[in-house]
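Colleague: Hi! Could you walk me through this one while I have it on screen?

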Amino acid sequence: MTTATAHGHATSTGLDNRKLAFWTFIGSECLLFGSLISTYLVYKGRSVRGPTPQEILNIPLTSVSTFDLLMSSLAMVLALAAVARGDRVWARVWLATTAFLGVIFLGFQAYEFTEFVHRGLTIRTNLFGSTFFTLTGFHGGHVLVGVVWLVTLLVRSFQGKLGPDKAVNVEIAGLYWHFVDVVWIVIFTVVYLIQ
Amino acid sequence: MTQPPASAEPKHPGTGTYLAVAAVLTIITLVEVGVFYVPAFKPVLVPVLLVLSSAKFALVVMFYMHLKSDHKLFTLVFSLPLMLALGVGIALLLLYSVFASG
């Protein structure tokens with residue numbers, strides 16, 4: 001039997017167990033969002049009454065929110081790089097930027113949801129409403145969890161507890177955040193652009 | 001029992017790579033939106049958008065999530081559920097005749 005170490009703990013793979021566990025969790029998240037997206041696609045175009053996607057979806061606005069989330073992924077990976085090299089100032093800047101961009105995205109979602117309700121589309125209106133709000137609602141919930149996680153890391157950074165030895169913690173938060181971004185890439189294409 | 005040296009941390013991309021990836025992601029998003037609004041692309045809209053979004057997906061996963069530079073076990077742990085999700089999705093679409101015409 002061979003052994004190797006990762007971060008001082010003996011593991012049979014030489015890899016950090018937390019990171020491996022989180023990639024496994026991300027695999028399960030693929031199945032969750034895969035089922036939600038599949039359900040949306042199965043019911044697509046089968047609503048017996050409106051509003052329809054063509055009538056209600058705002059592509060320019062959602063394009064801006066998509067760009068916002070992409071830039072938040074950039075900020076996240078720059079935050080990880082800053083933590084890894086021990087740059088406390090820039091770690092805080094990039095963590096705060098990522099969280100801020102996440103809040104902006106949630107703001108866009110909140111605006112979109114309320115606008116849709118005002119125009120007569122709710123989760124109970126038709127199949128499009130049910131599948132759209134379920135899918136994007138779950139995604140928005142994940143973004144909210146990510147923002148809370150980032151703020152927690154930011155607080156720990158200000159407490160002086162986010163040094164290079166804790167970079168794997170930031171990396172795991174980054175994996176979650178990037179996955180949320182990747183899911184939105186799919187949603188933006190499948191829901192908004194392919195009508 | 002053999003004792004290989006402690007595993008070295010993989011070398012992750014630098015800031016320049018991250019910025020380049022962000023630029024490419026922005027360009028691809030602009031192209032996606034552009035393709036959506038150009039009537040000439042309507043016959044090939046779906047495959048073009050799927051290819052472009054797949055490219056964005058791959059860039060984020062490989063460079064921002066570091067799958068390209070990390071141990072291949074992470075790639076395996078991610079790819080298998082992803083393939084399963086894709087397979088189940090396609091099976092559902094076929095089952096409910098989403099691709100059928102008329």
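Modeller: Happy to; below we go through confidence, a helix pair, a histidine and some backbone oddities. This is a predicted model, in which local features need pLDDT of at least 70 and side-chain atom pairs count only at pLDDT 80 or more, while totals for chains, interfaces and linings use all residues. Residues are numbered from 1 along each chain as its sequence is written, chains are lettered from A and ligands numbered from 1 in the order in which they are written, and side-chain values use heavy atoms, with hydrogens and water left out.

Colleague: What is the mean pLDDT of chain A?

Modeller: The mean is 94, and 95% of the residues of chain A reach 70 or more. pLDDT is the predictor's confidence in each residue, from 0 to 100.

Colleague: And which element of chain A has the lowest mean?

Modeller: That is strand β1 (residues 4–6), with a mean of 46, whereas α5(A) has the highest, 98. Helices (H or I, at least four residues) and strands (E, at least two) are DSSP runs, numbered from the N terminus. Over residues 1–6 of chain A, pLDDT stays under 50.

Colleague: New topic: how do α3(A) and α1(B) cross?

Modeller: The axes of α3 (residues 59–84) of chain A and α1 (residues 15–37) of chain B come within 10 Å and cross at roughly 170 degrees. Axes are lines fitted to C-alpha atoms, for helices over the stretch in contact, and angles run from 0 to 180 degrees between N-to-C directions. The two helices are therefore roughly antiparallel, a label for angles over 145 degrees.

Colleague: Which residues make the contact?

Modeller: Among them are F67(A), L70(A) and L74(A) from α3(A), and L19(B), L25(B) and F36(B) from α1(B). Contact means heavy atoms within 4.5 Å.

Colleague: Is H142(A) buried or exposed?

Modeller: H142(A) is buried, with a relative accessible area of 12%; buried means under 20%, exposed over 50%, partly exposed in between (1.4 Å probe, protein chains only). H142(A) lies in helix α5 (residues 127–158) of chain A. Leaving aside neighbours within four places in sequence, its contacts include L32(A), F33(A) and Y176(A).

Colleague: Any backbone oddities?

Modeller: Two to look at. The peptide bond from G50(A) to P51(A) is cis, with omega near 0 degrees, and P51(A) sits in the loop between α1 (17–43) and α2 (53–56) of chain A. H66(B) has a positive phi of about 65 degrees although it is not a glycine.

Colleague: Where is H66(B)?

Modeller: H66(B) is in the loop between α2 (45–64) and α3 (72–95) of chain B, and H66(B) is buried, with a relative accessible area of 1%.

Note on methods. Parallel < 35°, antiparallel > 145°, perpendicular 65-115°, else oblique.
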